[in-house]
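This report is meant to be read alongside the sequence and the 3D view. It starts with the chain as a whole and then turns to individual side chains.

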Amino acid sequence: MWLAVCYAHAVVNMVPPMCAPAPQPRCTAALMRPQQTEKKKLRKQIGEYLRKLKEIDAYGDTPCDDGCDEALLQLGLMRDEGLPLHVHVHTKVMISCAHRLQVVQGLFAELQAGGVENEASYAALLRAQVHSGDRAAAAATLHQLLKDGTYPVKLRTCAPLLLAACEAGDHLRAMRIWASVQQRGVIFTPREYGAMLRMLGRAGAGRQLWRLLGKLLGEHPTVSESQDSIPIQPHTNPIAPWAALESTRCVLACVLASPAYQMTNRPLASAGQ
C-alpha cells in the first residue's frame with residue numbers, strides 16, 4: 001500500500017518520491033574503457049622505445065659513441081612525443097652511454113628528481129663511474145646505496161667496482177666491498193674470487209689468500225664435479241668463469257714459488273705442501 005502511494009505521488013507530481021531509493025551512479029565498462037585504452041597505448045609506445053634501446057645495447061658490452069648517440073636520439077624522440085619519464089628507458093640509455101659520465105649523471109639526476117630510481121639505475125651509474133676511473137665516487141655511491149637499504153644490492157651493482165679495486169691493488173677498498181655486500185646476501189662467482197685471489201697473491205697476503213681459496217672451492221666445486229648443475233645464462237660465455245679460476249691457479253702457483261712469499265710465510269708454505 002505504501003509503495004503504491006509513493007508511486008502515485010511520483011506520477012502526479014513528476015518528481016522522485018522521497019521513499020524511492022536514490023539513483024546510483026553508473027560506473028560501467030564503457031566509462032572505464034577510454035582510460036584503459038590510453039594506458040595500453042602508452043605502454044605500447046614505451047615498449048617500442050625499449051625494444052629499440054635493447055637492440056642498441058646488443059651492439060656489445062663495450063659502450064661506444066655510436067650506440068650512445070643513437071640511444072640519446074631515441075630518448076629525445078620519446079620526449080618529443082610527450083611520453084612520461086620511464087626508469088627502464090633512462091637506465092638503458094645510461095648503459096649505452098657508460099663511457100660518458102656526465103650524461104649518465106644527468107640522466108640519473110632526472111630519475112632521482114622524479115623519485116623513480118631503482119637498483120638497475122644505481123648499477124648503471126656505478127658502472128659509468130668505474131668506467132671513468134673514479135673509484136672513489138663509485139665507492140661513495142655504493143656506500144649510499146648500502147646505507148639507505150631501499151634497494152637490494154645485486155652482484156651486477158658491486159662487481160664492476162670490486163673488480164676495478166682488485167685490478168688496481170686497492171686492497172683495503174676491495175676487502176671492505178667484499179665484506180659489506182656479502183652481508184647483504186650477494187653471492188660471488190669464480191670471476192670475483194679470481195680477482196680477489198690475484199690481488200692477495202700480488203700483495204703477499206698468504207693467510208687471507210688461503211682462507212678465500214677455501215671458500216671458493218667450497219662454493220664452486222670443479223667443473224668435473226658439478227658441470228651438470230652449472231647454470232648457463234643466455235648470451236654469456238660458460239667458459240669465462242672457469243677460465244678466471246684457471247688463471248687464479250696459475251697466479252697461486254707463481255706466488256707460492258716466489259722467494260719473497262716463502263720467506264714471509266714459511267710455516268704456511270710448508271703446511272700447504
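What follows describes the overall make-up of the chain, the confidence of the model, one buried charged residue, the aromatic pairs and the salt bridges.

## The chain as a whole

The structure is a predicted model, and its chain contains 15 helices and zero strands. Of the 273 residues in the chain, 33% are buried, and the accessible surface comes to about 16,900 Å², with 58% of that area belonging to carbon and sulfur atoms. Among the contacts with a separation of 6 or more, 62% are between residues 24 or more positions apart.

The pLDDT averages 77 over the chain, and 67% of the residues score at least 70. Residues 223-244 stay under 50 in pLDDT, and the model has 12 contacts beyond four places in sequence for them. Over residues 266-273 the pLDDT is likewise below 50, and this stretch has five contacts in the model beyond near neighbours in sequence.

## A buried glutamate without a salt bridge

Glu 117 is found in the loop that runs between helix 5 (101-114) and helix 6 (119-131). Which side chain of opposite charge is nearest to Glu 117? That side chain is Arg 156, which is 14 Å away, and Glu 117 is buried yet has no salt bridge. Leaving aside neighbours within four places in sequence, Glu 117 is in contact with Val 87, Phe 108, Leu 111, Gln 112, Tyr 122 and Tyr 151. Three of these names return in the next section, where Phe 108, Tyr 122 and Tyr 151 form one aromatic cluster.

## Aromatic pairs

The count of aromatic pairs comes to four. One of them, formed by Tyr 122 and Tyr 151, is tilted, with 5.9 Å centre to centre and 45° between the planes. Tyr 122 lies in helix 6, whereas Tyr 151 lies in the loop between helix 7 (135-148) and helix 8 (155-167), so this pair ties together parts that are 29 residues apart in sequence. Tyr 122 has a relative accessibility of 6% and therefore counts as buried.

Trp 178 and Phe 188 form a stacked pair, with 3.9 Å centre to centre and 15° between the planes. Trp 178 belongs to helix 9 (residues 171-182), and Phe 188 to the loop between helix 9 and helix 10 (190-203), the two residues being 10 residues apart. Both partners are buried: Trp 178 has a relative accessible area of 5%, and Phe 188 has a relative accessibility of 1%.

## Salt bridges

A search of the whole structure finds six salt bridges, and the table sets out some of them, with the distance taken from N to O.

| Acidic partner | Basic partner | N to O distance |
|---|---|---|
| Glu 48 | Arg 51 | 2.5 Å |
| Asp 65 | Arg 100 | 3.2 Å |
| Glu 119 | Arg 156 | 2.4 Å |

The bridge between Glu 48 and Arg 51 lies within one element, since both residues belong to helix 2 (residues 29-57), where they are three residues apart, about one turn of the helix. Glu 48 is partly exposed, with a relative accessible area of 35%, and Arg 51 is also partly exposed, at 38%.

Asp 65 and Arg 100 present another arrangement: Asp 65 lies in helix 3 (residues 65-80) and Arg 100 in the loop between helix 4 (87-96) and helix 5, so the pair ties together parts that are 35 residues apart in sequence. Asp 65 is partly exposed, with a relative accessible area of 41%, and Arg 100 counts as partly exposed at 23% relative accessibility. Salt bridges that share partners also bring in Asp 69, joining Asp 65, Asp 69 and Arg 100 into one network.

How many residues apart in sequence are the parts tied together by Arg 156 and Glu 119? Arg 156 lies in helix 8 and Glu 119 in helix 6, so the parts that this pair ties together are 37 residues apart in sequence. Glu 119 is buried, with a relative accessible area of 5%, whereas Arg 156, at 47% relative accessibility, counts as partly exposed. Arg 156 thus appears in two roles in this report, as the partner of Glu 119 in a salt bridge and as the nearest side chain of opposite charge to the buried Glu 117, at 14 Å.

Methods:
Residues are numbered from 1 along each chain as its sequence is written. This is a predicted model: local features need pLDDT of at least 70, side-chain atom pairs count only at pLDDT 80 or more; totals for chains, interfaces and linings use all residues. Side-chain values use heavy atoms; hydrogens and water are left out. Helices (H or I, at least four residues) and strands (E, at least two) are DSSP runs, numbered from the N terminus. Buried means under 20% relative accessible area, exposed over 50%, partly exposed in between (1.4 Å probe, protein chains only). Contact means heavy atoms within 4.5 Å. Accessible areas come from the Shrake-Rupley method with a 1.4 Å probe; for residues, only the protein chains shown count as cover. Lys and Arg count as positive and Asp and Glu as negative; His and the chain ends are not counted. A salt bridge is a side-chain nitrogen of Lys or Arg within 4 Å of a carboxyl oxygen of Asp or Glu. pLDDT is the predictor's confidence in each residue, from 0 to 100. Rings of Phe, Tyr and Trp (its six-membered ring) pair if their centres lie within 6.5 Å; planes under 30 degrees apart count as stacked, over 60 as edge-to-face and the rest as tilted.
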